[in-house]
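Open the model in your viewer and keep the selection box ready. This tour goes stop by stop: select, look, move on.

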Amino acid sequence: MSDLTLFFAPGSCAVAVQIALLETGTPFTARQLNLAAGEQRSPEYLAINPKGRVPALITEQGTLTETPALLLYVAQRFPDAKLAPLDNPFLLARMQEVSSFLASTVHVSHAHGRRGSRWADDEQAIAAMQQKVASNMRDGFAQIEQHYLAGPWVLGEQFSVADIYLFVVAGWLKSDGVEISEFPKVAAHYQRMLSRPAVNKALSTNSN
């Protein structure tokens with residue numbers, strides 16, 4: 001029996017951790033934060049995650065943050081769910097390669113459109129970053145389309161948390177001015193993910 005509490009926000013990368021936990025079938029507490037209302041900057045939440053971001057996962061041993069770390073934790077904590085190739089060092093590293101690319105490159109490209117103030121104070125500089133979002137997202141997903149979808153899943157026949165993370169990030173494309181149909185493999189992968197019960201349960205419980 002686990003004692004886990006996940007702090008997440010609809011539409012954020014934290015939804016990937018929510019889906020992963022649902023895939024395991026383990027009970028957990030989901031705490032939804034209203035980012036628009038600034039709940040992530042409340043003293044109560046900053047005591048949990050001083051970075052003031054989601055996700056944060058409270059475990060019996062302490063609190064963990066950062067999506068790739070939490071996804072790997074869930075996969076290792078619940079090995080029967082088979083969310084990672086834990087017995088194959090190469091494939092496990094490939095899974096982490098994809099998750100790292102999503103976190104360090106694609107997510108940052110997406111964030112430039114919404115949180116440019118993290119990188120610049122000048123309004124013109126922020127506007128210039130916003131204008132680059134669509135092209136940067138296209139570049140990132142071109143890499144995924146060409147190199148990171150062995151098919152039908154990221155690692156070929158084996159489903160993993162990298163698929164969950166990719167699904168969530170691919171869901172941002174339209175709002176970034178990019179049609180997912182530009183990337184046929186990614187689009188097909190997205191549809192496959194929509195057939196998974198854990199994905200549908202997560203989407204049904206997320207309200208914007």
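The stops below cover helix contacts, a pocket, and a few unusual spots in the backbone. Keep in mind that this is a predicted model.

**Stop 1: helix 1 and helix 3**

Select residues 14–24, which form helix 1. Add residues 67–77, which are helix 3. How many degrees separate their axes where they cross? The angle is roughly 5°, and the axes come within 9 Å. Angles under 35 degrees count as roughly parallel, so helix 1 and helix 3 are roughly parallel to each other.

Now show the side chains. Helix 1 brings Ala14, Ala16, Val17, Ala20, Leu21 and Thr24 to this contact. Helix 3 answers with Thr67, Leu70, Leu71 and Val74. Colour these residues by class: 8 are nonpolar, 2 are polar and none is charged.

**Stop 2: helix 1 and helix 7**

Keep helix 1 and select residues 161–170, helix 7. These axes come within 9 Å and cross at roughly 140°. Helix 1 and helix 7 are therefore oblique to each other. The crossing is right-handed.

Which residues make the contact? On helix 1, pick Val15, Ala16, Ile19, Ala20 and Glu23. On helix 7, pick Val161, Ile164, Tyr165, Phe167 and Val168. The set holds 9 nonpolar residues, no polar ones and 1 charged.

**Stop 3: helix 1 and helix 9**

Hide helix 7 and select residues 197–205, helix 9. The axes of helix 1 and helix 9 come within 8 Å and cross at roughly 130°. That angle makes helix 1 oblique to helix 9. Helix 1 passes helix 9 in a right-handed crossing.

Gln18, Ile19, Leu22 and Glu23 are the helix 1 residues to show here. They meet Ala198, Val199, Lys201, Ala202 and Thr205 of helix 9. By class, this contact has 5 nonpolar, 2 polar and 2 charged residues.

**Stop 4: a pocket**

Rolling a probe the size of a water molecule over the atoms shows where empty space is left. Select Gly11, Val15, Phe167, Val168 and Leu203. Of the 12 residues lining the second largest pocket, these lie nearest its centre. The pocket holds about 190 Å³ of space. Is its lining charged or uncharged? The lining has 7 nonpolar residues, 5 polar ones and no charged ones.

Some of these residues should be familiar. Val15 was part of the helix 1 contact with helix 7, and so were Phe167 and Val168.

**Stop 5: unusual backbone**

Most residues other than glycine have a negative phi, and most peptide bonds are trans. The next three selections break from that pattern.

- Select Val54 and Pro55. A cis peptide bond joins them, with omega about 5°. Pro55 sits in the loop between helix 2 (43–46) and strand 3 (56–59).
- Select Gly151 and Pro152. Here too the peptide bond is cis, with omega about 0°. Pro152 is in the loop between helix 6 (133–147) and helix 7.
- Select Glu66. Its phi is positive, about 80°, although Glu66 is not a glycine. Look for Glu66 in the loop between strand 4 (62–65) and helix 3.

**Stop 6: Leu92**

Finish in helix 4, residues 89–111, by selecting Leu92. Which residues does Leu92 touch, leaving out those up to four places away in sequence? They are Leu72, Ala84, Pro85 and Leu86.

Now add Ser160 and draw a line between the two C-alpha atoms. Leu92 and Ser160 are 68 residues apart along the chain. Their C-alpha atoms are separated by 9.4 Å.

Technical notes:
Residues numbered from 1 in each chain as written. Predicted model: local features only at pLDDT ≥ 70, side-chain atom pairs only at ≥ 80, totals over all residues. Heavy atoms only, no water. Axes fitted to C-alpha atoms, helices over the stretch in contact; angles between N-to-C directions. Helix = DSSP H or I, 4+ residues; strand = E, 2+ residues; numbered from the N terminus. Parallel < 35°, antiparallel > 145°, perpendicular 65-115°, else oblique. Left-handed = near helix turned anticlockwise from the far one by under 90°. Contact = heavy atoms within 4.5 Å. Nonpolar A, V, L, I, M, F, W, Y, C, P; charged D, E, K, R; others polar. 1 Å grid on protein atoms, 1.4 Å probe; cavity = no way out; pocket = protein on both sides within 12 Å on 5 of 7 lines; lining within 4 Å. Points joined across faces, edges and corners; volume = space filled by probe spheres on them.
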